[in-house]
Amino acid sequence: MIAPTTPFERLTPADLPACSALALDREWPREERKWRFLMGVGEVHALRAPDGGLAATMVLTRYRAELIAVSMVLVAARFARQGLGTRLMRHAIDQAGGATLALTATVQGLGLYEQLGFISHGRIQSRRGRFQAEPGAAGHSRAATPADLAAVLELDLAVFGADRSPVLRRLHSFAEHLRVIEVDGRLAGFAAAWRNDDHLVLGPVVAQRPELAQALLTDLALAAGAAEVRIDVDDLHTGLADWVAARGLTPGFASTIMTYGGPLPADRSRLYSPLMQALG
């Protein structure tokens with residue numbers, strides 16, 4: 001039992017093994033590299049168990065004063081049904097300071113978020129497998145350079161609707177591949193691929209048109225070689241979902257996009273896939 005007065009702690013990289021152990025306890029992947037990145041860009045709030053392990057965690061990633069991404073909401077199995085999930089989310093609301101909270105809800109957490117007043121905006125479907133490119137489809141994008149950063153941040157702010165520049169500035173060192181695509185000499189899209197345990201996640205994917213998103217994904221997948229890839233597709237983009245399925249990727253889990261305290265600021269028509277569901 002966790003006492004109601006047990007304070008929240010802020011975790012550090014020294015707690016990474018405990019975070020991975022908690023994830024495995026709830027049958028989530030280990031994802032140590034993802035946890036490390038989230039610790040670098042966000043705040044990991046946790047409740048410790050009496051035995052020194054982690055009873056519960058939650059990550060808050062702040063996009064300036066407008067938006068906070070909530071993720072990695074986990075409660076150890078031995079502390080389930082003790083109200084810790086509710087306590088985590090009320091702590092997030094208290095920490096928001098008026099900013100909109102955004103998250104992607106699993107089936108298990110959906111009921112709790114709805115009870116607290118979170119609003120649904122759509123779904124994201126995870127698809128995974130070995131990408132089968134169309135013949136002659138490659139080569140429409142190019143590797144990003146530091147000189148592209150300003151244009152990437154400008155396009156992302158217009159599409160994402162909140163300033164996530166502190167996160168995107170880390171993409172060059174975090175991602176294995178970062179590519180951009182231009183139309184008439186102007187940046188019209190960008191996308192990245194980053195390693196998560198035994199596969200590559202292709203995201204974020206931001207583009208002005210669907211065919212540009214497809215070109216970026218194709219070049220990223222070909223750069224990955226024989227590696228298994230994962231693409232999380234916003235259900236608004238049914239054409240892209242069909243295209244991804246035709247490339248040999250099969251559906252996995254689905255999550256619900258939700259906000260609390262304000263609308264979703266993103267222009268979903270140009271946001272095809274998140275950097276990770278933990279960050280939008």
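This report walks through two helix pairs and two buried residues in a predicted model.

Residues are numbered from 1 along each chain as its sequence is written. Because the model is predicted, local features need pLDDT of at least 70 and side-chain atom pairs count only at pLDDT 80 or more, while totals for chains, interfaces and linings use all residues.

**Two helix pairs**

Two packed helices are described by the angle between their axes and the distance between the axes. Axes here are lines fitted to C-alpha atoms, for helices over the stretch in contact, and angles run from 0 to 180 degrees between N-to-C directions. Helices are DSSP runs (H or I, at least four residues) and strands are runs of E (at least two), numbered from the N terminus.

| Helix pair | Axis angle | Axis distance |
|---|---|---|
| Helix 1 (residues 16-25) and helix 2 (residues 32-41) | roughly 125° | within 10 Å |
| Helix 3 (residues 84-96) and helix 4 (residues 107-116) | about 50° | 11 Å |

The angle in the first row makes helix 1 oblique to helix 2, and the angle in the second row makes helix 3 oblique to helix 4. For the term itself, angles under 35 degrees count as roughly parallel, over 145 as roughly antiparallel, 65 to 115 as roughly perpendicular and the rest as oblique.

Which residues of helix 1 and helix 2 meet? Leu16, Cys19, Ser20 and Ala23 come from helix 1, and their partners in helix 2 are Glu32, Trp35, Arg36 and Met39. Contact means heavy atoms within 4.5 Å. Sorted by class, this contact has five nonpolar, one polar and two charged residues.

Between helix 3 and helix 4, Gly85, Thr86, Met89 and Arg90 of helix 3 meet Leu112, Tyr113 and Leu116 of helix 4. Here the classes are four nonpolar, two polar and one charged.

**Two buried residues**

Serine 165 belongs to helix 6 (residues 165-168). With a relative accessible area of 7%, serine 165 is buried; the term means under 20% relative accessible area, with exposed over 50% and partly exposed in between (1.4 Å probe, protein chains only). Setting aside neighbours within four places in sequence, serine 165 touches Arg64 and Leu153. Its C-alpha is also 8.1 Å from that of tyrosine 63, although the two are 102 residues apart in sequence.

Threonine 6 sits in the segment before strand 1 (9-10). Threonine 6 also counts as buried, at 18% relative accessibility. Beyond its neighbours within four places in sequence, threonine 6 is in contact with Leu47, Arg48 and Arg87.

Notes. Heavy atoms only, no water. Nonpolar A, V, L, I, M, F, W, Y, C, P; charged D, E, K, R; others polar.
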